[in-house]
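Q: Please take a close look at the main nonpolar core and at how the helices around it are packed.

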Amino acid sequence: MNTEIRDKERAALEVLRSTGIDVLEAALVAREALACGRGRVRRARECVRLGAEEMRKREKTVTFRKAVEMALEEREKKNRRARTVTDFRYYCKRLMVRNPGLAERRVRSITSDDCRAYLQAAYGESPSQYRKARAIMSGVFSTAIKHDWCDSNPVSRVEVPEVVEKPIEPLTIEEVERLEAAAQLPEHEDMQLSLHLMLYCGIRPTEVSRIDPERDIDWQNQRVVVRPTTSKTGGGRVVPLRCGNIDALRHDIPRRWVQRWRALRKAAGWSKETARPWRQDVCRHTFATYHAAHYRNFAALQLEMGHRDSSLLRTRYVYAGKTNEASALRYFRV
């Protein structure tokens with residue numbers, strides 16, 4: 001066996017000695033690189049370069065928890081509504097609680113299959129919540145992409161579940177009268193304007209809580225301006241203020257509005273003690289139902305509700321079961 005070391009081999013040994021790597025280990029690494037390059041040195045070097053780039057990408061990333069914190073921080077800096085930030089924080093927290101290990105996962109390593117499994121574990125029982133959680137999780141990855149913590153958004157390949165909207169039964173005339181009677185009590189009279197805006201203008205409770213009567217209500221022309229900053233969807237609209245006695249409505253929107261609204265409902269008979277649960281959005285649906293029955297104008301109703309089209313009105317908000325023209329006349333006091 002020829003043990004004579006040639007000049008190139010001696011030079012190679014000198015190069016390796018300066019790195020501190022064992023000669024045998026270096027030879028094994030070189031053989032693996034050549035195998036990846038199919039025996040060609042140029043391809044082997046390209047494999048090494050691409051591998052080095054991938055390593056740098058993997059190292060330049062953060063945990064899912066850190067990405068959530070950054071996404072929240074950016075939304076707060078943009079002065080997003082408190083409810084938006086609260087929902088974002090709640091949904092992300094539940095994702096991490098229901099999926100142990102997600103918080104410390106590196107965002108670059110999370111796949112679409114992972115996201116699908118995480119969403120299913122946290123919100124699989126509710127298609128509507130699943131949809132919202134999916135949108136929020138997508139927002140986390142959008143923030144990560146912006147900071148170069150990952151290259152793509154894995155949530156974009158997670159299917160959006162179809163949500164079948166169920167019709168909501170409106171309040172009966174007697175139930176409406178019970179709410180209005182409760183609002184006449186001295187301890188609840190500051191809620192008269194709020195109740196009217198929900199029942200006869202179709203304005204959402206969260207929107208009512210943001211209304212400024214001095215700025216947003218044109219008392220002379222009897223109309224309410226729901227500004228984009230007030231609206232839930234970010235789109236403004238103008239709604240007629242249907243009331244025979246305008247002066248009776250001249251109240252401010254009270255502080256601690258959510259608690260005041262809950263107290264008014266309780267005074268009208270909706271509470272845990274009476275085993276009569278309040279149906280979410282029922283005032284808005286009641287307005288839409290009687291409006292459709294009386295005015296028979298879906299285009300006008302769509303504008304007043306602030307919908308982009310009439311599909312939701314037809315599938316969810318219009319319930320004809322217990323509604324007739326006589327009830328609608330009585331509702332609008334025509």
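A: **The core and its helices**

In this predicted model, the largest nonpolar core (buried Ala, Val, Leu, Ile, Met, Phe, Trp, Tyr and Cys residues joined through side-chain atoms within 4.5 Å; buried is under 20% relative accessible area with a 1.4 Å probe, protein chains only) has 45 residues, and those with the most contacts inside it are L171, L197, L199, V224, L241, W261 and Y331. Two or more residues each come from α8 (173-183), α9, β2 (223-226), α12, α13 (282-295), α14 (298-305) and α16 (325-331), where helices are DSSP runs of H or I with at least four residues and strands are E runs with at least two, numbered from the N terminus. Leaving aside neighbours within four places in sequence, W261 is in contact (heavy atoms within 4.5 Å) with M191, L195, M198, W278 and C283.

The axes of α9 (residues 192-201) and α12 (residues 257-267), being lines fitted to C-alpha atoms over the stretch in contact, come within 11 Å and cross at roughly 80 degrees, so that the two helices are roughly perpendicular (65 to 115 degrees). S194, L195 and M198 of α9 meet W257, W261 and L264 of α12, a set that divides into five nonpolar, one polar and no charged residues.

With α13, by comparison, α9 packs at about 45 degrees with the axes 6 Å apart, and this pair is therefore oblique. Here M198, L199, Y200 and C201 of α9 touch C283, R284 and F287 of α13, and these residues comprise six nonpolar, no polar and one charged.

Residues are numbered from 1 along each chain as its sequence is written. Local features need pLDDT of at least 70, side-chain atom pairs count only at pLDDT 80 or more, totals for chains, interfaces and linings use all residues, and side-chain values use heavy atoms, without hydrogens and water.

How values were computed
Axes are lines fitted to C-alpha atoms, for helices over the stretch in contact, and angles run from 0 to 180 degrees between N-to-C directions. Angles under 35 degrees count as roughly parallel, over 145 as roughly antiparallel, 65 to 115 as roughly perpendicular and the rest as oblique. Ala, Val, Leu, Ile, Met, Phe, Trp, Tyr, Cys and Pro count as nonpolar, Asp, Glu, Lys and Arg as charged, and the others, Gly among them, as polar. Buried means under 20% relative accessible area, exposed over 50%, partly exposed in between (1.4 Å probe, protein chains only).
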